[in-house]
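Reader: I have a chain open on my screen and would love a close look at one part of it, the place where two of its helices meet. Could you walk me through that contact and then place it in its surroundings?

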Amino acid sequence: MSDTPFRIPCACGNLRRLTRLATRIYDAELGAAGLEVNQFGLLSALEEAGEIGHQRLSTGFAMDSTTLTRTLGVLRRHGWITVRPGRDRRERLYALTDAGRARLREARPGWLRAQKALRAQLGDTVWHALMGDAPTVAARVATLL
């Protein structure tokens, strides 16, 4: 039996396989800090943004609202984020708490190990292409929706 993945003649199938593999690598490193990579990503976005609305998070992560609500609920129950109403009754604004900042500091070394391992395995050329092109590719694909 070969360790080489079999050919999948579908862009979506190939991307999903790649994201499942990358997710396992990040989750293994972040697990010691009690986080999964999607939680780490949301906490990092909140750290960067200061305060951000549900719709902006959903769009920025290309995540459906139900999945985002569920994940944010977990982060809130842990005390890592706060939520407050926005300008209208439908808008919710999220922000990182001190406990959330502490959790990010604890998790960051594991995240860096995962980043470093992937970069070493892919090589600088592929790594730079992936990191540089991913936002452009995502924006182009989003126009199809």
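Author: Happily; what follows starts with the whole chain, moves to the helix contact, and then follows its residues outwards.

Please keep in mind that this is a predicted model. The protein chain has six helices and three strands, and along the sequence these elements follow the pattern α-α-β-α-α-β-β-α-α. Along its principal axes, the C-alpha trace spans about 55 × 35 × 25 Å. Of the 145 residues in the protein chain, 26% are buried. Among contacts between residues at least 6 apart in sequence, 48% join residues at least 24 apart.

Now to the contact itself. Helix H2 covers residues 37-49, and helix H4 covers 65-77. Their axes come within 11 Å and cross at roughly 80°. An angle of 65 to 115 degrees counts as roughly perpendicular, so that is how H2 and H4 lie to each other. On the H2 side, the contact is made by Asn38, Gln39, Leu42 and Leu43. H4 brings Leu68, Thr71, Leu72, Val74 and Leu75. Sorted by character, the residues of this contact are six nonpolar, three polar and no charged.

Leu75 is a good residue to zoom in on. It belongs to helix H4 and has 0% relative accessibility, so it counts as buried. Apart from neighbours within four places in sequence, Leu75 is in contact with Gln39, Leu42, Leu43, Trp80 and Ile81. Three of those names, Gln39, Leu42 and Leu43, are H2 residues of the helix contact. You can also check a spacing here: the C-alpha atoms of Leu75 and Phe40 are 9.9 Å apart, with their places 35 residues apart along the chain.

Across from Leu75 you will find Gln39, a residue of helix H2. Which state does Gln39 have, buried or exposed? With a relative accessible area of 9%, Gln39 is buried. Neighbours within four places in sequence aside, Gln39 is in contact with Thr71, Val74 and Leu75, and also with Gly34. Thr71, Val74 and Leu75 are among the residues that H4 gives to the helix contact.

Leu43 carries the picture further. Not counting residues up to four places away in sequence, Leu43 touches Leu35, Leu75, Trp80, Ile81, Leu96 and Leu104. Trp80 and Ile81 appear among the contacts of Leu75 as well. This brings us to the largest nonpolar core, which has 23 residues. Those with the most contacts inside this core are Leu35, Leu43, Leu46, Leu57, Leu72, Leu75 and Ile81. Helix H1 (11-30), H2, H4, S3 and helix H5 (98-122) are the elements that give two or more residues to the core. As a general point, nonpolar side chains in soluble globular proteins tend to be buried together.

From here, look to the sheet. It is open, with three strands in the order S1-S3-S2 and antiparallel pairing. Strand S1 (51-53) and strand S2 (81-85) are its edge strands, each pairing on one side only. Neighbouring strands are turned by 30° against each other on average, direction ignored. S1 and strand S3 (residues 92-96) pair over three bridges in the antiparallel sense, and Gly53 has Leu93 in S3 as its bridge partner.

Finally, helix H3 (54-60) offers another view of H4. His54, in H3, has a relative accessible area of 14% and is buried. With neighbours within four places left out, His54 is in contact with Ser65, Leu68, Thr69, Leu72, Arg92 and Tyr94. Leu68 and Leu72 are also H4 residues of the contact with H2. From C-alpha to C-alpha, His54 and Leu68 are 8.0 Å apart, and they are 14 residues apart in sequence. Ser58 is likewise found in helix H3 and is buried, at a relative accessible area of 11%. Its contacts beyond four places in sequence are Met63, Asp64, Ser65 and Leu68.

The loop between H3 and H4 holds one more residue to pause at, Ala62. Ala62 has a positive phi of about 50°, although it is not a glycine. Its relative accessibility is 73%, so Ala62 counts as exposed, whereas Leu75 in the helix contact is buried.

Terms used:
Residues numbered from 1 in each chain as written. Predicted model: local features only at pLDDT ≥ 70, side-chain atom pairs only at ≥ 80, totals over all residues. Heavy atoms only, no water. Helix = DSSP H or I, 4+ residues; strand = E, 2+ residues; numbered from the N terminus. Buried < 20%, exposed > 50% of the residue type's maximum accessible area, 1.4 Å probe, protein only. Pairing = 2+ DSSP bridges. Axes fitted to C-alpha atoms, helices over the stretch in contact; angles between N-to-C directions. Contact = heavy atoms within 4.5 Å. Parallel < 35°, antiparallel > 145°, perpendicular 65-115°, else oblique. Nonpolar A, V, L, I, M, F, W, Y, C, P; charged D, E, K, R; others polar. Core = buried A, V, L, I, M, F, W, Y, C linked by side-chain atoms within 4.5 Å.
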